[in-house]
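User: Please give me a close look at one part of this structure. Start with the makeup of its lining, then carry on to the ligand surroundings and a few individual residues.

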Amino acid sequence: MILVTGATGNVGGQVVRQLHAAGESVRALARTPGKGAFPEGVEEVVGDLADPASLEGAFNGVDAVFLLWPLFSAETAPAVLKAAARHTERVVYLSSTGVDDTVLEQGDPINDFHARIERLLAESGLRWTAVRGGGFAANDLGWAEQVRQGATSIATPFPDAVRAVVHEGDLAAAAVHVLTAPDGGRRHDGRKYPLTGPERLSDAERIAIIGEAVGRPIRAEPMPLEQARAELIAGGLPQEYADGILGAVQEEFAAPGPSEEVRTIQALTGEAPRTYRQWVADHLADFRP
Ligand SMILES: NC(=O)c1ccc[n+]([C@@H]2O[C@H](COP(=O)([O-])OP(=O)(O)OC[C@H]3O[C@@H](n4cnc5c(N)ncnc54)[C@H](OP(=O)(O)O)[C@@H]3O)[C@@H](O)[C@H]2O)c1
């Protein structure tokens, strides 16, 4: 039995479906019962990562956990991992390519909590693997409402910033590969896998691809940084998180990551990671009125 956290979200939802399709027994963690619409046969369990005591039942009897950390702080992570270690042997953690292994304090609070959870895992006695995601293609769903409303231009703080955004289905496929590997996945123990998409595309290029898919030209226009920051904060992000996200894009723009990262998904799963066009095709319903 494998427990999947974040099961109603982008990556966790795919992990649930792919594990189920592979014939694994799956338990899906949800805060709100009935929200996930999981495939038949998937066991739903209610629990909250902010309340470690609520997770004992969820961890009980599972062989492995797909762990995703959706909270703004790692405050409850030590207790969550202690609860996990009481019941299970192994965790595959969705981390971030932004974690810098050469420093203790990361430059922003998001990579800071990912680095902290990786360290906690290393000290937990659990067997663990980190699947470190690069920028998610799913972040571009933030443009979907404007596209549905007929926009012909979309404002973005860094129109020329280039990222190899990754399909949530490929992040999930890599995690599922590790979770279901023969011999309990021992060869993945303690490994940190950077997972990115196959092509570097700027915001402007990705916006143009969405335009092609919906059948009208859409161009990118620059958004003042202060406005981008205000929009992220209005969307519910704490100020330091908004700064962290904008800073990370700026940094990646200035110094793109190593190109070998794009081959990790293929090395793990045997399949080339999906292109951005494929991601847009998979999400066409989100972009069409
Ligand atoms: N976006 C990026 O570019 C990027 C890059 C690298 C790493 N990451 C990491 O990826 C993770 C987000 O993944 P995602 O995009 O798949 O998530 P998502 O679609 O935003 O979904 C979040 C999931 O977490 C669940 N959740 C929220 N609060 C919870 C709580 N207190 N207890 C238990 N479950 C809770 C949500 O369930 P409910 O239905 O209950 O809300 C939902 O299933 C984060 O850790 C992020 O730092 C993101």
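Analyst: **The second largest pocket**

Sorted by class, the residues lining the second largest pocket are five nonpolar, one polar and seven charged. Bear in mind that this is a predicted model. The lining of this pocket comprises 13 residues. Nearest to its centre are Asp63, Ala64, Arg90, Leu179 and Gly184. Asp63 and Arg90 count as charged, Ala64 and Leu179 as nonpolar, and Gly184 as polar. The volume of the pocket comes to about 150 Å³.

Next, the ligand. There are 26 residues around it. Those that come nearest are Thr8, Arg31, Lys35, Asp48 and Trp69. Thr8 contributes a polar side-chain atom, which sits 2.5 Å from a ligand oxygen. Trp69 works through its backbone: a polar atom there is 2.7 Å from an oxygen atom of the ligand. Gly9 also offers a polar backbone atom, with a ligand oxygen 3.1 Å away.

Now the individual residues, in sequence order.

Ser25 sits in the loop that joins α1 (10-21) to β2 (26-30). Its relative accessibility is 43%, so it counts as partly exposed, between the 20% and 50% limits. Beyond its neighbours within four places in sequence, Ser25 contacts Met1 and Ile2. Met1 is 24 residues away along the chain, yet the two C-alpha atoms are separated by 4.7 Å.

Pro52 is another loop residue, placed between β3 (43-46) and α2 (56-59). Pro52 counts as buried because its relative accessible area of 18% is under the 20% cut-off. Once neighbours within four places in sequence are set aside, its contacts are Thr76, Ala79 and Val80. Ala248 is a distant point of reference for Pro52: 196 residues separate them in sequence, and their C-alpha atoms are 30 Å apart.

Thr156 belongs to strand β7, which spans residues 153-156. Its relative accessibility is 3%, so Thr156 is buried. Not counting residues up to four places away in sequence, it touches Trp143, Asp203, Ile207, Ala220, Glu221, Pro222 and Met223. The list includes a run of neighbours, Ala220, Glu221, Pro222 and Met223.

Thr264 is in helix α10, residues 264-269. It too is buried, at 14% relative accessibility. Outside the residues up to four places away, Thr264 touches Tyr193, Pro194 and Leu195. With Pro194 there is also a polar contact: the Thr264 side chain comes within 2.9 Å of the Pro194 backbone oxygen.

Arg277 lies in helix α11, residues 276-282. With 48% relative accessibility, this residue is partly exposed, because the value falls short of the 50% limit for exposed. Leaving out neighbours within four places in sequence, Arg277 is in contact with Glu199, Ile209 and Glu212. Glu212 is 65 residues from Arg277 in sequence, while the C-alpha atoms of this pair are 9.6 Å apart.

To recap: seven charged residues are part of the pocket lining. At the ligand, Thr8 uses its side chain, whereas Gly9 and Trp69 use backbone atoms. Pro52, Thr156 and Thr264 are buried, while Ser25 and Arg277 are partly exposed.

Technical notes: Residues numbered from 1 in each chain as written. Predicted model: local features only at pLDDT ≥ 70, side-chain atom pairs only at ≥ 80, totals over all residues. Heavy atoms only, no water. Helix = DSSP H or I, 4+ residues; strand = E, 2+ residues; numbered from the N terminus. Buried < 20%, exposed > 50% of the residue type's maximum accessible area, 1.4 Å probe, protein only. Contact = heavy atoms within 4.5 Å. 1 Å grid on protein atoms, 1.4 Å probe; cavity = no way out; pocket = protein on both sides within 12 Å on 5 of 7 lines; lining within 4 Å. Points joined across faces, edges and corners; volume = space filled by probe spheres on them. Near = heavy atom within 4 Å. Polar contact = N/O pair within 3.5 Å; in protein donor to acceptor, adjacent residues only side chain to side chain.
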